[in-house]
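Dear colleague,

Here is the structure I promised to pass on. My notes on it follow below.

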Amino acid sequence: MKYFIVYAHSEPKSLSGHLKNGAVAALEAAGHEVIISDLYAMGWKAVYDAKDFPERKDSGPLNYDKASKEAFTTGTQAADIAEEQRKLLWADIVILQFPMWWYGMPAILKGWVDRVYAYGFAYGVGAHGGARWGDRFGEGTLKGRRAMVAVTVGGRMAHYGPRGVNGTIDDLLWPIQHGVLYYPGMDIVPPAVFYEVGHASTEAVESMMQTYVERVLNIPSVDPIPFRPQNGGDYDDVQVLKPHLDSGMTGHALHQSEPAYISNTFLGTPGDYTPRHVPPTSRDGNAF
């Protein structure tokens with residue numbers, strides 16, 4: 001299989017870097033091909049502007065959507081954008097790996113999405129009108145691929161559980177999993193989320209590594225999150241879920257067929273919400 005890892009952490013000695021390196025070694029040992037876009041190491045340009053369109057003729061105010069569509073259609077995008085699109089098309093499996101900062105992705109990763117997801121490549125695909133509003137949410141350019149989010153989190157699992165003060169991890173990952181990844185057609189497997197990483201013991205780090213290696217190796221075989229496809233008949237002509245599809249679930253789980261995947265309470269099994277503290281280690285660098 002062909003794995004494409006989009007990695008966003010500024011510190012090579014971080015726990016994120018340690019997990020990424022272990023996963024890559026395991027994948028290559030198993031015979032898989034791996035490409036990594038290490039955004040900080042690449043010096044990735046995180047903001048979109050007119051420089052993304054070196055052959056743009058329009059001298060008026062920049063309409064990024066319009067310019068993106070023209071550049072993608074004519075093959076005149078900035079070289080770094082076209083290269084990342086090539087990697088996405090090459091891949092069978094896409095992993096977004098990052099630390100959770102302020103309830104979302106680091107800005108450099110969001111900037112990767114903003115620039116690489118060009119009009120005509122990741123959105124604006126297919127006919128728009130009436131009951132069919134484009135090829136998206138289960139369809140699109142990246143259909144046939146699988147994707148996973150791998151994220152390190154400083155807080156306890158309980159903070160991100162059903163009654164946690166930070167809101168559920170599913171709510172926080174919804175824009176990424178359902179939006180960034182499912183929107184252009186990829187199937188999304190359950191995320192790999194590692195909690196309390198700021199002061200993880202040596203034993204905890206080893207456990208995280210074993211879990212992550214297992215997760216990445218099993219991406220081709222696990223059941224994806226059963227998101228409802230937009231054009232599969234579950235939504236009406238304004239892309240609203242039909243009234244009779246009421247499974248008793250609430251929130252984002254409504255947009256999954258049964259049984260819905262819910263992090264930390266999957267299949268009715270509650271997560272371990274026991275308050276606990278782990279000792280700091282001598283690990284160099286940022287633990288996230």
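**Aromatic pairs, a strand and an arginine**

Tyr 119 counts as partly exposed, because its relative accessibility is 25% and the buried class ends at 20%. Please keep in mind that this is a predicted model.

The ring of Tyr 119 pairs with that of Tyr 123: the centres are 5.0 Å apart and the planes stand at 70 degrees, so the pair is edge-to-face. Tyr 123 is also partly exposed, with a relative accessible area of 23%.

In the whole structure, the search gives 11 aromatic pairs. One of them is Phe 72 with Phe 121, again edge-to-face, at 5.9 Å between centres and 65 degrees between planes. Phe 72 belongs to helix α3 (residues 64–74), whereas Phe 121 is in the loop between α5 (107–116) and β4 (128–129), so this pair ties together parts that lie 49 residues apart in sequence. The two rings differ in burial: Phe 72 is partly exposed at 28% relative accessibility, while Phe 121 is buried at 2%.

Phe 4, Trp 112 and Tyr 117 make up one aromatic cluster. There are also charged groups over rings. The charged end of Lys 20 sits over the ring of Tyr 7, at 4.8 Å from the ring centre. For Arg 115 the ring is that of Trp 44, and the charged end sits 4.8 Å from its centre.

Next, strand β6. How many of the residues of strand β6 are buried? The count is 7 of the 7 in residues 146–152, so the strand is largely enclosed by the rest of the structure. In a regular strand, side chains alternate between the two faces of the sheet. Here both faces of β6 are covered. On one side, Arg 146, Met 148, Ala 150 and Thr 152 are buried, and on the other side Ala 147, Val 149 and Val 151 are buried.

The strands that pair with β6 include these:

- Strand β3 (residues 93–99) runs parallel to β6 and is joined to it by 7 bridges. Ile 95 has Met 148 of β6 as its bridge partner.
- Strand β7 (residues 187–188) is parallel to β6 and linked to it by 2 bridges. Asp 187 in β7 stands opposite Arg 146.
- Strand β8 (residues 192–194) is parallel to β6 as well, with 3 bridges between them. Val 193 in β8 stands opposite Val 151.

Arg 146 and Val 151 thus appear twice in these notes, as buried residues of β6 and as residues facing a partner in β7 and β8 respectively.

The last item is Arg 228, found in the segment after α7 (202–217). Is Arg 228 buried or exposed? Its relative accessibility is 9%, so Arg 228 counts as buried. Which side chain is joined to that of Arg 228 by a polar contact of 3.0 Å? The partner is Asp 234. In addition, a polar atom of the Arg 228 side chain lies 3.2 Å from the backbone oxygen of Gln 256.

Asp 234 and Gln 256 are both among the contacts of Arg 228 once its neighbours within four places in sequence are set aside. The other contacts are Phe 137, Tyr 182, Tyr 235, Leu 241, Leu 245, Leu 254, His 255 and Ser 257.

Regards

Note on methods. Residues numbered from 1 in each chain as written. Predicted model: local features only at pLDDT ≥ 70, side-chain atom pairs only at ≥ 80, totals over all residues. Heavy atoms only, no water. Phe/Tyr/Trp six-rings, centres within 6.5 Å; stacked < 30°, edge-to-face > 60°. Helix = DSSP H or I, 4+ residues; strand = E, 2+ residues; numbered from the N terminus. Buried < 20%, exposed > 50% of the residue type's maximum accessible area, 1.4 Å probe, protein only. Lys NZ or Arg CZ within 6 Å of the ring centre and 35° of its normal. Pairing = 2+ DSSP bridges. Polar contact = N/O pair within 3.5 Å; in protein donor to acceptor, adjacent residues only side chain to side chain. Contact = heavy atoms within 4.5 Å.
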